[in-house]
Structures are given as C-alpha cells and as structure tokens.
Amino acid sequence: MLGMTYHSALHPRLFGGVVRRWPLLFLALSAFLLVGFPGSGPMLTAEPGGYAVQVAPPGTVRSPQKEAAQEISEAERIKTIVDQQRIGGGTAQSGNDSAYALALPLVQMSEADEAPSPRQAVALAWDGEARSARIPVLMYHYLSVPPADANSYRLDLSVSPDLFARQLESMREAGYVTVSPYDLLAHLWAGAPLPEKPVVITFDDGYRDNYTNAFPLLRERGMVATIFVVTDFMDEGRPEYLTWEMAREMWAAGFSIESHGRNHASLKNRDADYLVWQALGSLETIEYELGARPRFVSYPAGEFDAQTIAIFESANYWAGFTTIQGATHSTDNLFQLHRVRVRNTTQPEELLRLLALEW
Ligand SMILES: [Zn+2]
C-alpha cells in the first residue's frame, strides 16, 4: 500500500489523477507528507514544478576540492539510501516495498544550485493530453570495423565508420534532423514542436568507438546522438568503453548520456532491491560525473518486465527504450519505447526505407 501511495504521490503525471479521483486520499497523503515519517530524516519533497531538469552548464569542470567534498557527501547520500532500504528487516526480498517507499524519495530531493543549460532549460511535465507520434529511434552498438576473428554477435552489432558516414549523408539529404530523447518527450508530454523529419540516434553499451569514430562524423554534420552507458564498466576504466571525460565532452556537444544499467546484467525477473541498485546506482553516477541527471534507460539486452518499469519510474526516470522494432510512441507506453535496429548490412537506401515505415 505504501508503495502505491508513493508512486501516486511523487509522479506528477499521476498526481493530478489522484487529486481528481480520490480527493480524500490526496488530503490524507498531503497530511502524511507534511507530518513526515517518524525517524525518516529530512522532509520528503517531489521535484518542484513537475519535472524540473537540473543540469550543469556544458563543459562544467569541478575543482579537486569541491570534487573531494562532493565525493564524500555523494557516498554518504548513497549509503543513506542503501541503509534506508534495509529498514524493516529488508534483505533482498520483495516483501519490503514499504522500505523503498521511504528510501527512494531521498534521492529525489534536488539541489537547485545549478543553472539549467539552454539545451534542457524547459521544465518537462505532462499536460495530461494523450499523444502519440512516429519518431524513429535508431539503435547502434559498435561503430567500427570488427576484428578479423569477430564472432557473429560482434559482427551483427558493428557498423563501420564508412557505412555510418553514408547513412548520415543519406539522412541529411532526405531532410532528417537528429533530436534527443528530451525533444521526443517534450513533444509527447507537452506538444513541443519537432522538425518535420525527426530521428533519434542511439548507441547502446557506450563503446569507446562511439567517441573515436561516431562522434566526429556526427559533430561535423551538426548531428547529435544518445549514448546508453554501463556505469560500472566506465568506473572500472575498461579500455573498450568510454571514459567519463569522453562522455563529458560529448554531453557538452549536445549528446545525451543515459543509463544502460550498472553492469549490463538483465533487469528481468529481478527483485526490487536489485532493480533499485541498478536504477539509482547508474543514475547517481551519471549525475555526479556529468552534473546532469539522466532520465532515460535502455534495458540491457532489451530485457525488462513490469517490476523493472515500476522501479525505474519510481526512481524518476522518464522513459525506457526497448529493442522492440517500431517507430511509434505514445504517452501511455513511455517505458516500452520502440527502436529501429541498424545492422552492418543496412545500406543507406534500406535505412531510408526503415525510417519512412509506418510502424
Ligand atoms: Zn547492451
């Protein structure tokens, strides 16, 4: 019950429904939040004004002293969250949902000391109107010529820089304009205008070749993309993945850096503890490294279930990308957004055909 109350109370796009349909519940809820939970620490607040976006200006550089101080407070903050999850005898079982209801809002308290960048200055909130739109979201992984001994899996996930350049050229000539997931959502939630032929370019996994090969090709054409990164792999400094410095550079150039989980483990058939760890852990890391909170998840291996969606939505993600093929999105299905897979065999003409499909 607490879990349900939590979802209703802290998600502004559900909040209005609560007020309309269950005014008494709304009043009780308000009193509940005002009084607070005994021993639960600071007052809980939803993000003010709906979905205010907190971001640092592009190119933000942290001083070493500030960074050290933030590192400590960040570690304490995460430890508090984890400790809260254990309240009520909560081990890794699903029976302690109420403990999450207490724990998650702590993360949602925002420090409003950072000015929004021009790119994300718009506060996103759903105006309650049901909308759908066909906005193709391309899905890439590796952007390089695979090694000679590559297996079929690696081959299938690799697009060569040469082919990618030809794909970009054909899209540009056909009038396609790259937009971000934030643009997509602003359109669905608030009817914000989009280019006549919008396209979202996404890369899963955050391979280093996204920076060395894809980034220059996109940037010289004034195009942007979204990278779904695996935060633990970056923290470990794995050479085949992006560094945080690379991610910051791309973010400053207008790219979106979003979550692909902490370690690429499947998010399907997992208990709430595990999903909170994946959702909040990756969010906190990206927010710390970039100064901007990620709002989108791409489910590793495309695997998710109802529990995955519930937890990521609770952690203030705005939408989730699947590997389901298609290009039409709607306000009632934001955590099952479809994408269009681009293969190493997808020639420009085929790509244009896929982009124009009504699916
Ligand atoms: Zn992946």
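**A walk through the fold**

The chain holds 14 helices and 10 strands. The model is predicted. Of its 359 residues, 38% count as buried. Look also at how the chain meets itself. Among contacts with a separation of 6 or more, 69% are between residues 24 or more positions apart.

Start with the strands. Strand 10 covers residues 337-341, and 2 bridges join strand 2, residues 137-140, to it. These two strands run parallel. Here Leu138 stands opposite Val340 of strand 10. Strand 8, residues 319-325, is also joined to strand 10 by 2 bridges, and this pair is parallel too. In that pairing, Gln325 stands opposite Arg339.

Stay with Leu138. What does Leu138 touch, beyond its neighbours within four places in sequence? Its contacts include Arg339, Val340 and Val342. The others are Val199, Val200, Ile201 and Thr202.

Leu138 also belongs to the largest nonpolar core, a set of 74 residues. Leu138, Ile257 and Ala279 touch the most other members of this core. Which helix gives the most to the core? Helix 12, residues 272-290, does, with 8 residues. In soluble globular proteins, nonpolar side chains tend to be buried together.

Now turn to helix 9, residues 209-219. Its buried residues are Asp209, Asn210, Tyr211, Asn213, Ala214, Phe215 and Leu218. What do they pack against? Two of the partners are helices: helix 7 (161-173) and helix 11 (244-252). The buried residues of helix 9 also pack against strand 4 (198-205) and strand 5 (226-229).

Notes
Residues are numbered from 1 along each chain as its sequence is written. This is a predicted model: local features need pLDDT of at least 70, side-chain atom pairs count only at pLDDT 80 or more; totals for chains, interfaces and linings use all residues. Two strands pair if DSSP finds at least two bridges between them. Helices (H or I, at least four residues) and strands (E, at least two) are DSSP runs, numbered from the N terminus. A nonpolar core is a set of buried Ala, Val, Leu, Ile, Met, Phe, Trp, Tyr and Cys residues joined through C-beta atoms within 7 Å. A residue is buried if 20 or more other C-beta atoms lie within 10 Å of its own, exposed if 12 or fewer, and partly exposed in between; C-beta atoms are placed from the backbone. Two residues are in contact if their C-beta atoms, placed from the backbone, lie within 7 Å.
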